[in-house]
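Here are a few friendly notes to read alongside the model. Please keep the structure open as you go through them.

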Amino acid sequence: MKSSDLPLNITADDVATAAGVSRWTVNRAFKKDASISSKSREKVMAAAEALGYVPDLRAVALASDRSNLVALLIDDFANPHKLVMLERLTRALRSRGWDTMLVNTLNRNDAAPALLNASRRRVDATILIGIQFDDEVLDAAYKARHFKKLIIFARSSENEDTISISVDDRAATIEIAEYVRDRGYRKPFYLAGPRTDSAHLSRKETFVDFWMQTFGETCDSVPVPAYDPILAADIVAEAFGGKTRAELPDIIVCENDALALGTIDAIRHRLGLKVPEDIAVIGFDDVPQGESPNYRLTTYRQPLTDMANYLVDVLESSQTTQLDKTFIGRMVVRESA
C-alpha cells in the first residue's frame, strides 16, 4: 500500500482490520504487562508499523489509574552535574516505560508556581532536582494541591511529605576528609554552595566538624550563591587575591565539581598559582569535565545509575511511606589532590 493510500488518521480499528484481530487485542498489544500471545502481538505490531499507527497515550492514561508520566522540575543548569543526572534519570525512566515532562524552574519565586502547575497535570509523580525547593515552598505546594509522590533526587529532605533519594553525604564527606588528612594537608578551606532550609546537603557541616574533632582547629569556609564555575572563580579570586603564600590554604575542598572547576580556573589564571603544587582541589560528583587534561579533578562519584533505577522502583511501588534511601559512592583520585 502506498503512503498516499493510507487514511490520514490511523485508528486502532484500522490496525485491527489489517491484522485480522479485534480492537481489544490491538489495545492490549500496546500495554506493557497485558496478557497477549506473542504471535498476536507480532501481528498487531507489524500492521501498526505498516500503517504508521501510534497509540494515543492520553486516551490510554485516561483508561488507567496510571499515566506513566512524571514531572521533572530542575534548576541550576550552570551546574554540569545536572545534565549528567538528567541523562541517567531519563535513561532509567524510558527503559521501563516512563515518560517525563521537563520544567526548568527559573528561580525561587518560580519554584512554587512550577510545583503547583505540575500538580495539576496528570502525572504519577513529581521529581525535584535543585536548590530552590525549601520547606516554605514545599509546604505551600502541599496545602494547595495533592501529589501522588513528591521525590527529592540527589538531596535529602526532612519534609515528611517527600521521598528522598540521595548519596550519603555524611559518609562521603568523612571519606573525603580522611583522604585530606591522610595525604598530609593541614590548612583546608571549604568552598560551600548555596545554603537552603530544606532539600539540603550536609557536606560542609560534616567536613568542618570532622576537622575540629580531629585537629581541634576550625576550617574556614565561604558559600557561593549558585553552583556556577564562574561565580566560584570570582569568589576564590576575591578571597585569596593578595594573600601571602603563608596565608593560603594548602587544599580547597569544594561542595561539588562545578565549584571545583571554577576554583582550579581561579588558582591558575587569576592567582597565577599551580594545582596541586600550590593549592590542591577536591570536588564532589565526578562530572565528565573533571576527567579532562585541563582539570584531572579528584572527586567523589555518586552512584547515579543505581539511584535512578531505585527512583523508578519507587514510582512502580504501591508504597507511599518509608521509601527514603541513601547510597554510597566512591572516591575518584586524580592529579588535582
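1. Is Ile74 buried or exposed? This is a predicted model, and in it Ile74 has a relative accessible area of 0%. Residues under 20% count as buried, so Ile74 is buried.

2. Ile74 is part of strand β1. Leaving aside residues up to four places away in sequence, Ile74 touches Lys82, Leu86, Leu102, Val103, Asn104, Thr105 and Ile129. Leu128 is also worth a look: Ile74 and Leu128 are 54 residues apart in sequence, yet their C-alpha atoms are 6.2 Å apart in space.

3. Two of those contacts, Lys82 and Leu86, lead us to helix α5, where both are listed as buried. The buried residues of α5 also include His81, Val84, Met85, Leu89, Ala92 and Leu93. They pack against β1 (69–74), β2 (99–104), β3 (125–129), β4 (150–153) and α12 (304–316).

4. The geometry of α5 is pleasantly regular to check: its 15 residues reach 21 Å from the first C-alpha to the last, close to the 21 Å expected at 1.5 Å a residue. Just after α5, Gly97 takes a positive phi of about 85°.

5. Do have a look at the cavity. The count comes to one cavity of 30 Å³ or more, and the largest cavity has a volume of about 140 Å³. Its lining has 17 residues, and Asn79, Lys82, Met85, Ala154 and Arg155 lie nearest its centre. By class, the lining has seven nonpolar, five polar and five charged residues.

6. Where does this cavity lie? Domain 2 (69–167 + 304–328) and domain 3 (169–301) both give residues to the lining, so the cavity lies between them. Helix α5 (residues 81–95) gives the largest share of the lining, three residues.

7. Ala154, one of the residues nearest the centre of the cavity, deserves a backbone check. Its phi is near 70°, a positive value in a residue other than glycine. Ala154 is found in the loop between β4 and β5 (163–167), and it is buried, with a relative accessible area of 10%.

8. Asp285 is another residue to inspect: its phi is near 135°, again positive in a residue other than glycine. Asp285 sits in the loop between β9 and β10 (299–301) and is buried, with a relative accessible area of 5%.

9. Finally, a cis peptide bond joins Val275 and Pro276, with omega about 5°. Pro276 has its place in the loop between α11 (257–270) and β9 (280–282).

Note on methods: Residues numbered from 1 in each chain as written. Predicted model: local features only at pLDDT ≥ 70, side-chain atom pairs only at ≥ 80, totals over all residues. Heavy atoms only, no water. 1 Å grid on protein atoms, 1.4 Å probe; cavity = no way out; pocket = protein on both sides within 12 Å on 5 of 7 lines; lining within 4 Å. Points joined across faces, edges and corners; volume = space filled by probe spheres on them. Helix = DSSP H or I, 4+ residues; strand = E, 2+ residues; numbered from the N terminus. Nonpolar A, V, L, I, M, F, W, Y, C, P; charged D, E, K, R; others polar. Domains from an automatic or database assignment. Expected span 1.5 Å × (residues − 1). Buried < 20%, exposed > 50% of the residue type's maximum accessible area, 1.4 Å probe, protein only. Contact = heavy atoms within 4.5 Å.
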